[in-house]
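Open the model in your viewer and keep the selection tool at hand. Each stop below says what to select and what is there.

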Amino acid sequence: MEQVSNHTTDQTNAIANKEDRYTSKMYEASGDLVNYWYAAGQSKEFKTGKPQARTIFDIPIVFWRKKDGTVSAILDRCNHRNAPLSKGKTIDDCLVCPYHGWKYDPNGQCVDIPSEGPYKERIPNKKVDAYKITEQYGLVWVWMGRKAPDKEPFKMPIMEEKGWKWYYMRTPFPNNVTDLVENFMDVPHTVYVHEGWFRDRKQIAVVAKVERTEDSVLVSYDQPNDSIGFSQLIVNPKKLPMKHTDNFYMPNNTRVDYTYGEQERGFIICSTCTPVRPFETMVYTLISYKFGWLTPLIGLGLPFYTRKVIQQDVDIMKLHAENLEKFNYKTEYRSTLCDAMHIYIESLREHAVEPKKQVPKPIVKEVEFWI
Ligand code: FES
Ligand SMILES: [Fe+2]
């Protein structure tokens with residue numbers, strides 16, 4: 001008996017000497033993009049004691065909420081025979097592997113091996129990778145960076161001011177983060193992809209100011225008379241001037257504001273994109289809205305409407321990704337002046353992946369396009 005357990009311990013110690021954390025090809029290819037907080041889900045998805053599996057940067061992670069209300073996250077792979085811990089259960093805030101019952105604490109440390117009885121010294125000292133978690137703006141965020149967290153999660157603009165209502169939508173998109181954030185910032189596509197739903201084609205010229213800072217791309221439109229979505233009688237009965245801004249914030253966030261007057265009415269659509277696999281992204285969209293006494297009524301129809309519009313984007317992004325695949329992902333994008341925001345987004349994200357490339361300088365450009 002003694003012999004067998006020593007043998008087991010020796011074997012596992014050999015694994016324990018490997019210091020490195022588990023990563024993936026996608027993680028390794030993402031440079032500085034991994035050094036941010038990423039949304040793992042809405043807080044309400046994480047119920048006490050119920051393990052939740054997520055994949056981020058192609059790394060499987062299991063999350064669970066403990067009795068004190070906080071959430072823990074460790075690599076979703078048991079040290080023993082690599083079974084998925086997310087299929088196990090929680091006992092005393094620890095996670096128990098469904099295969100042979102190895103038990104892990106929230107730091108990823110194995111604290112019990114049932115088959116070794118009371119011999120704690122037989123537990124291998126290699127831990128399962130653990131990840132830092134924070135919970136803000138109704139989302140659970142995970143830090144998978146190569147360094148300790150040195151920034152806050154992206155501030156989702158939850159409108160606490162009176163009159164605003166909001167809700168989240170969670171949408172899996174079959175495309176990558178760069179192409180998605182560009183889609184969310186893209187005005188010319190709205191008259192094609194969302195024709196009849198969001199904006200109709202009128203062939204009018206719109207002037208936009210496009211600004212790139214070191215970590216954002218800010219676009220403001222001069223189109224006080226533009227109309228979107230529902231009837232103008234509902235969204236803007238007083239014919240207040242519309243303000244429209246489309247902003248991108250590194251590395252994966254967009255915020256689109258359509259407001260009337262001094263935020264008397266309007267929509268704010270904010271998305272944070274979590275990379276799942278190279279062409280799979282989970283998008284958390286915060287929809288905020290305010291339409292005076294019509295707000296509750298609009299709230300009844302808005303989830304259906306926003307689901308429909310987002311589904312149209314999912315469909316075009318799916319076609320786009322499928323076509324990229326047909327050409328072995330060798331992109332040959334041609335751009336015109338109207339694509340300035342896309343080029344700026346790509347430059348910031350590419351620089352994060354390859355910091356040796358020249359730092360994108362701050363720039364402001366005026367562009368005109370027809371919609
Ligand atoms: S694989 Fe997890 S306990 Fe054996
Ligand atoms: Fe769209």
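Start with the two domains of this predicted model. Select residues 2-143 for domain 1 and 165-370 for domain 2, as the domain assignment of the protein chain gives them. Their C-alpha centres lie 36 Å apart. Now show the contact between the two: domain 1 supplies 22 residues and domain 2 supplies 16 residues.

**The eight-stranded sheet**

Next, show the open sheet of eight strands. Read across it in the order E11-E17-E16-E15-E14-E13-E12-E18; the pairing is antiparallel. Which strands are at the edges? Colour strand E11 (165-173) and strand E18 (363-370): each of these edge strands pairs on one side only. From one strand to the next, the twist averages 15°. Sheet strands in general pair through backbone hydrogen bonds, in either a parallel or an antiparallel way.

Zoom in on one pair from this sheet. Select strand E15 (residues 253-260) and strand E16 (residues 265-277). Eight bridges join E15 and E16 in the antiparallel sense. Pick tyrosine 258, then look across to E16: its bridge partner there is phenylalanine 267.

Stay with E15 and step back to the loop between E14 and E15, where proline 251 lies. Select methionine 250 as well. Is the peptide bond from methionine 250 to proline 251 cis or trans? This bond is cis, with omega near -5°. Most peptide bonds are trans.

**Helices across the sheet**

Now add helix H6 (residues 295-326). Helix H6 lies across E11, E16 and strand E17 (280-290), and it runs at about 20° to E11.

Then add helix H7 (residues 340-353). Beneath your selection, mark four strands: H7 lies across strand E12 (205-212), strand E13 (216-222), strand E14 (242-249) and E18. Relative to E13, H7 runs at about 170°.

**Helix H3 and its two partners**

Select helix H3 (residues 177-184) and keep H6 on screen. The axes of H3 and H6 come within 11 Å and cross at roughly 140°. That angle is why H3 counts as oblique to H6. The crossing is right-handed. Show side chains at the contact. From H3, take Asp179, Leu180 and Asn183; from H6, take Asp313, Ile316, Met317, His320 and Leu324. By type, the residues of this H3 and H6 contact divide into four nonpolar, two polar and two charged.

Now swap H6 for H7. The axes of H3 and H7 come within 10 Å, with a crossing of roughly 150°. H3 passes H7 in a right-handed crossing too. Which residues of H3 meet H7? Select Val177, Thr178, Val181 and Glu182 in H3; they meet His342, Ile345, Glu346 and Arg349 in H7. The contact of H3 with H7 divides into three nonpolar, two polar and three charged residues.

**The four-stranded sheet**

Move to the other sheet on this tour. Four strands form an open sheet in the order E5-E6-E7-E8, paired antiparallel. Select strand E5 (89-91) and strand E8 (110-112), which stand at the edges. Each has a single partner strand, so one side of each is left without a neighbour in the sheet.

Focus on E8 and add strand E7 (residues 103-104). Two bridges pair E7 and E8 in the antiparallel sense. Label tyrosine 104 and cysteine 110: cysteine 110, in E8, is the bridge partner of tyrosine 104.

The last stop is the loop between strand E4 (71-75) and E5, where asparagine 82 lies. Check its backbone torsions. Asparagine 82 has a positive phi of about 65°, although it is not a glycine. Most residues other than glycine have a negative phi.

Notes. Residues numbered from 1 in each chain as written. Chains lettered and ligands numbered in written order. Predicted model: local features only at pLDDT ≥ 70, side-chain atom pairs only at ≥ 80, totals over all residues. Heavy atoms only, no water. Axes fitted to C-alpha atoms, helices over the stretch in contact; angles between N-to-C directions. Parallel < 35°, antiparallel > 145°, perpendicular 65-115°, else oblique. Left-handed = near helix turned anticlockwise from the far one by under 90°. Contact = heavy atoms within 4.5 Å. Nonpolar A, V, L, I, M, F, W, Y, C, P; charged D, E, K, R; others polar. Pairing = 2+ DSSP bridges. Domains from an automatic or database assignment.
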